[in-house]
Each structure stands twice: as structure tokens, then as C-alpha cells.
Amino acid sequence: MGSCQHSHRCKWSWKTGSGTPWGESPQGPPYCWRTVCLPGICYSHQRGKKHQISRLSMLIPFSMKNCFQLLCNLKVPAAGFKNTVKSGLILQSISNDVYQNLAVEDWIHDHMNLEGKPVLFLWRNSPSVVIGRHQNPWQECNLNLMREEGVKLARRRSGGGTVYHDMGNINLTFFTTKKKYDRMENLKLVVRALKAVQPHLDVQATERFDLLLDGQFKISGTASKIGRNAAYHHCTLLCSTDGTFLSSLLKSPYQGIRSNATASTPALVRNLMEKDPTLTCEVVINAVATEYAASHQIDNHIHLINPTDETVFPGINSKARELQTWEWIYGKTPKFSVDTSFTVLHEQSHLEIKVFIDVKNGRIEVCNIEAPDHWLPLEICDQLNSSFIGSKFCPIETTVLTSILHRTYPGDDELHSKWNILCEKIKGIM
């Protein structure tokens, strides 16, 4: 440890740079750390220079050459602020958590000045289904199978269709200013990277901004978000994804859904490794990074990042938590209705039960369950309908509701049995 003449308003210490998040050389200069603890503009002293920093309360390593070159691009006033980033950066997440990696996208989009400094973000996830900002998960995927298999569901902030992620899929996010946003140019870069590894590979970008292998198999889908100043384009790249699992999860079993939500467009898919076993995720990642570096005239170096590190990405964990909430994943679903029916067995015959449900913000707004009077009296059916109003369109909440109904009519085993049958059927469409 050493000393530094900071004002009394801040805490400080300095240390040599081994083990930094950005792989800075241990032989580098001392790193001066300080805590910005008061509102207003504060300053750090680094090697005799004064740098203006933001009105945040956080611990920042200021003399790290690579501290994103990160944090010196926070959207703060430029006066008194020395910009050390010359052209661009290539980042790769060490996390396989879909919510953490989506939070990195949000953080970079919201906090970085990308003027003249584009960023490529490379990331992979454990098994997850990711829906577009304006999609309906009940229409897009098999939620029951996902729950059984422990597959995560995420809603991203960009538009587009539903995709399946696993460790055999690479996600590429191209960050630029709004003016520099160009999806086709990004896809052409990916094509060049693939052909650098395998020159005879037949890969082409389409007008829909997909990548097709051999003119028919989709290996990449695209989505994007365009903000006031910043924009990003992200795409998948199938190397060795579990195709059987992908097909099963992205096939909705639910019937009778009526919605204006954005619908995905089905397509034939194929893995790159099915065409050429040498096209592993690691090989493709390095090829894309190399091509990106050459195209943007930057160092061909992939910086590994930890998406949970608040010292590098202040506030990022709150972004990740928001992405995991029921209110975001399900509650942001555009209004929809379910108009369906099912049968129940009664005295060796099948009775039809009709169900109509309106769902708004993920909660049941209208519920109309119609059952034959001799099986379930009308007043009991009305009570069941009323009890659903306002509840989440969710199997867990329906289970809780069933328990409450049982307590309303204690000891009536026959009624309990019918309620159980109805609720299990209704959970099947959730």
C-alpha cells in the first residue's frame, strides 16, 4: 500500500496491478483506487493528472489502462476528462447465465459512449429460451417442458423472434452509435470470419438478416435495439446446439391463444459442426474476434469480463435482477386471450369444459369456465371464475388458489376432486 494526497472527501488506496479484471500487466504502474462518495463532481489523482469522473458512489480503479478504457467511457461531461480509448473493444463474458449476460447488453447500451469506439460482446449461455421484447411466451415455447428440464426463460429488450441458447451456440452483440448501426455489415463480417476458417463454406446473409448455410439451413438469427444515441445488433450462431432439444422447446403445445404479439418465423436449422467438425465454438469465436479487430483496426485481444462485477459495471446486478422478475418475463406480454376446451371423464362418458380467459400484464382479467350443471353447479362455477380474476396466469398461483377453494368447502371431497381436475387442466394451458 502507498499514500496519495486526495481531499478529505474521498477514501483511497493504491496497489500494483496483478490480477486485474482486464488482465493488466503486473509490471504496470500503481493503481490508484478511490471511492466517489459525495454528490457533485469529484476528481481522482493518477500519476499527477486530474480526471473528472461521474456523480456515482462506487469504487473505481482509475489508472488501469483497460478499465474499459471501459469506465472512462461512462456518459459523463467531457470537460476535464481524458479519453484513452482509441477505436474499439472486444469483450467476452465468463458467465453462462442468460440474465447476467443480457444485463451486460443493457449496461453497455445505457452507460457507454460509443462514438468512434464500437464494441463486440461475445457470450454463451446454459440452456435458455430467449423471447423478443414484444412476444408471448405461451405462443412461442413449451413452458411445461422448460420447467421440467430446468431451462430458463428470458425476455430481452430487443425485438425479433424466440431463440434457444445452450453452450453450443455463440451470441454476438455489435454495439455502435445509432448513426453507425449496420446489421448487414456485421453479418458480412461474420461470413468473412467463417470463410477465413473454411474457405469453401457456403454461408450467406439474407434480406431478413439471417445467415443461411448451403442456401437453406438457418445458422443465425438477428435482433436489435436502437436507442437515442446508441444501438446494438445481436445474433446467434449455431455451432453444436442440441437440435432435438431446440425443436422440442420452441414448439408451443398451447391451443386457442389469440394475440397480436410478434410471432416467430419457423425455419430449418443446422449446426456449423455438422458441416465441418473443426468449426467449434472456440474456433469460431477466435475467428470472429480476429476479423472484427482487423475491420476496426484494433488489437486482436478478447477481454474477459465478469458480468456481476459492480466495480467495473456499477449497478449491473440490479439490471440482472429485473430481467429475472415475473413482472418482466411474463408481465410484459402483450394482452392476449385463451379460448379452448377440454374433456373430463364422468360416469364413463366425457364432458366438455369450455374455458375463455383474457390476460393483461400477465394477470387474468376475464375468466369464464363453463361446465355442465349436473357436474359442477353454476354458482360453484361462478365462484371459481371470480377467484381467478386478478391472479397471475401461472400454474403456481393456480395451485395456491385450489388450496384456498378447498378451505372454502371443507369436507366436500367430491367437490374438491372436481376442482382439482379443473385446476390441473387449466394449469396445463399455463
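Which residue in β16 does phenylalanine 174 stand opposite? Let's take a look at this predicted model and find out.

## A strand with two partners

The answer is histidine 233: phenylalanine 174 stands opposite this residue of β16. The pair belongs to a longer run of pairing, since β11 and strand β16 (residues 230-238) line up in the antiparallel sense over nine bridges.

β11 also pairs with strand β7 (residues 119-123), again antiparallel, and here five bridges do the joining. If you want a spot to check in the structure, try valine 119, which stands opposite phenylalanine 175 in β11.

So how many of the nine residues of strand β11 (residues 169-177) are buried? Nine of the nine are, so the strand is largely enclosed by the rest of the structure.

## A buried lysine

Now hop over to helix α12, which covers residues 413-427 and is home to lysine 427. Is lysine 427 buried or exposed? Its relative accessibility is 17%, and because buried means under 20%, lysine 427 counts as buried.

What does the side chain of lysine 427 get up to in there? One polar contact, at 2.9 Å, goes to the side chain of threonine 399. Another polar contact of 2.9 Å links the side chains of lysine 427 and glutamate 424.

Setting aside residues up to four places away in sequence, lysine 427 touches Asn144, Pro395, Thr398 and Thr399. Thr399 is therefore a name you meet twice: it is on that list of touching residues, and its side chain makes a polar contact with lysine 427.

Technical notes:
Residues are numbered from 1 along each chain as its sequence is written. This is a predicted model: local features need pLDDT of at least 70, side-chain atom pairs count only at pLDDT 80 or more; totals for chains, interfaces and linings use all residues. Side-chain values use heavy atoms; hydrogens and water are left out. Helices (H or I, at least four residues) and strands (E, at least two) are DSSP runs, numbered from the N terminus. Buried means under 20% relative accessible area, exposed over 50%, partly exposed in between (1.4 Å probe, protein chains only). A polar contact is a pair of N or O atoms within 3.5 Å; within protein, one must be able to donate a hydrogen and the other to accept it, and residues adjacent in sequence count only if both atoms are side-chain atoms. Contact means heavy atoms within 4.5 Å. Two strands pair if DSSP finds at least two bridges between them.
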